[in-house]
Amino acid sequence: MAEPLPKKAFALRLDPALFAAIERSAAGDLRSVNAQVECLLREALARRGVKLAAPVAAKRGRPPRETSNAE
């Protein structure tokens with residue numbers, strides 16, 4: 001599986017009412033506000049016909065247990 005590229009960080013100024021609406025929507029979808037904004041942007045771009053590569057899923061769970069050959 002390919003390593004995820006680092007995400008681009010930038011400041012975003014939003015109307016407080018818009019932020020509150022996104023926050024409520026994120027809570028309903030069990031996402032962070034950041035993940036919800038990214039999801040909404042991807043959906044909006046898809047509706048406009050802009051093709052994006054699928055996001056690389058982050059690895060989840062414990063790392064595999066290392067086995068030693070020493071007995």
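Trainee: What makes Asp29 and Arg31 a salt bridge?

Mentor: Their side chains meet at 3.3 Å, N to O. The rule asks for a side-chain nitrogen of Lys or Arg within 4 Å of a carboxyl oxygen of Asp or Glu, so the pair qualifies. Bear in mind that this is a predicted model.

Trainee: Why is Asp29 called partly exposed?

Mentor: Asp29 has a relative accessible area of 42%. Buried means under 20% and exposed means over 50%, so a value in between is partly exposed. Arg31, with 36%, is partly exposed by that rule.

Trainee: What else does the side chain of Asp29 touch?

Mentor: The side chain of Gln36, in a polar contact of 3.2 Å. The cut-off for such a pair of N or O atoms is 3.5 Å, so 3.2 Å passes.

Trainee: And Gln36, buried or exposed?

Mentor: Buried: its relative accessible area is 2%, and the limit is under 20%. Gln36 is found in helix 2. Asn34 is found in helix 2 too, but Asn34 is exposed, because its 55% is over the 50% mark.

Trainee: How many of the residues are buried overall?

Mentor: Buried residues make up 6% of the 71 residues in the protein.

Trainee: How many salt bridges are there by the rule you used?

Mentor: Three. One of them joins the side chains of Glu38 and Lys7 at 2.9 Å, N to O. Glu38 lies in helix 2 and Lys7 in the segment before helix 1, so this pair ties together parts that are 31 residues apart in sequence. Glu38 counts as partly exposed at 27% relative accessibility, while Lys7 counts as exposed at 65%.

Trainee: What makes Glu38 and Arg42 a salt bridge?

Mentor: Their side chains meet at 3.7 Å, N to O, and the limit is 4 Å, so the pair counts. The two residues are four apart in helix 2, which means they are separated by about one helical turn. Arg42 is partly exposed, with a relative accessible area of 29%. Salt bridges that share partners join Lys7, Glu38 and Arg42 into one network.

Trainee: How do you know that the span of helix 2 is close to what is expected?

Mentor: Helix 2 covers residues 33-47, which is 15 residues, and it reaches 21 Å from its first C-alpha to its last. The expected span is 1.5 Å times one less than the number of residues, and for helix 2 that gives the 21 Å expected. Helix 1, with 13 residues, reaches 18 Å and is close to the 18 Å expected.

Trainee: What caps the N-terminal end of helix 1?

Mentor: Asp15 does, with a side-chain oxygen 2.9 Å from the backbone nitrogen of Ala17.

Trainee: What follows each helix?

Mentor: Helix 1 is followed by Leu30, whose phi is positive, near 55 degrees. Leu30 has that positive phi although it is not a glycine. Leu30 lies in the loop between helix 1 and helix 2, and at 81% relative accessibility it counts as exposed. Helix 2 is followed by Gly49, with a positive phi near 85 degrees.

Trainee: How many strands go with those helices?

Mentor: Zero; the protein has two helices and zero strands.

Trainee: Which residues make the nonpolar surface patch, and what lets Leu18 in?

Mentor: Phe10, Leu12, Leu14, Leu18 and Phe19 make the patch, about 480 Å² of it. Patch residues need over 30% relative accessible area, and Leu18 has 42%, so it clears that cut-off. By the burial classes, that 42% counts as partly exposed. Leu18 is found in helix 1, residues 16-28. Another patch member, Leu14, is 20 residues from Asn34 in sequence and 13 Å from it in space, C-alpha to C-alpha.

Trainee: How do you know that the radius of gyration departs from that of a compact globule?

Mentor: Set the two values side by side: a compact globule of 71 residues would be near 11 Å, but the protein has 18 Å. The C-alpha trace spans about 65 × 25 × 25 Å along its principal axes.

Trainee: What supplies the exposed surface?

Mentor: The protein exposes about 7100 Å², and carbon and sulfur atoms supply 57% of it.

Note on methods: Residues are numbered from 1 along each chain as its sequence is written. This is a predicted model: local features need pLDDT of at least 70, side-chain atom pairs count only at pLDDT 80 or more; totals for chains, interfaces and linings use all residues. Side-chain values use heavy atoms; hydrogens and water are left out. Patches are made of residues with over 30% relative accessible area and no salt bridge: like charges are joined within 9 Å, nonpolar side chains (Val, Leu, Ile, Met, Phe, Trp, Tyr) within 5 Å. Accessible areas come from the Shrake-Rupley method with a 1.4 Å probe; for residues, only the protein chains shown count as cover. Buried means under 20% relative accessible area, exposed over 50%, partly exposed in between (1.4 Å probe, protein chains only). The radius of gyration is taken over C-alpha atoms; the globule rule is 2.2 Å times the number of residues to the power 0.38. A polar contact is a pair of N or O atoms within 3.5 Å; within protein, one must be able to donate a hydrogen and the other to accept it, and residues adjacent in sequence count only if both atoms are side-chain atoms.
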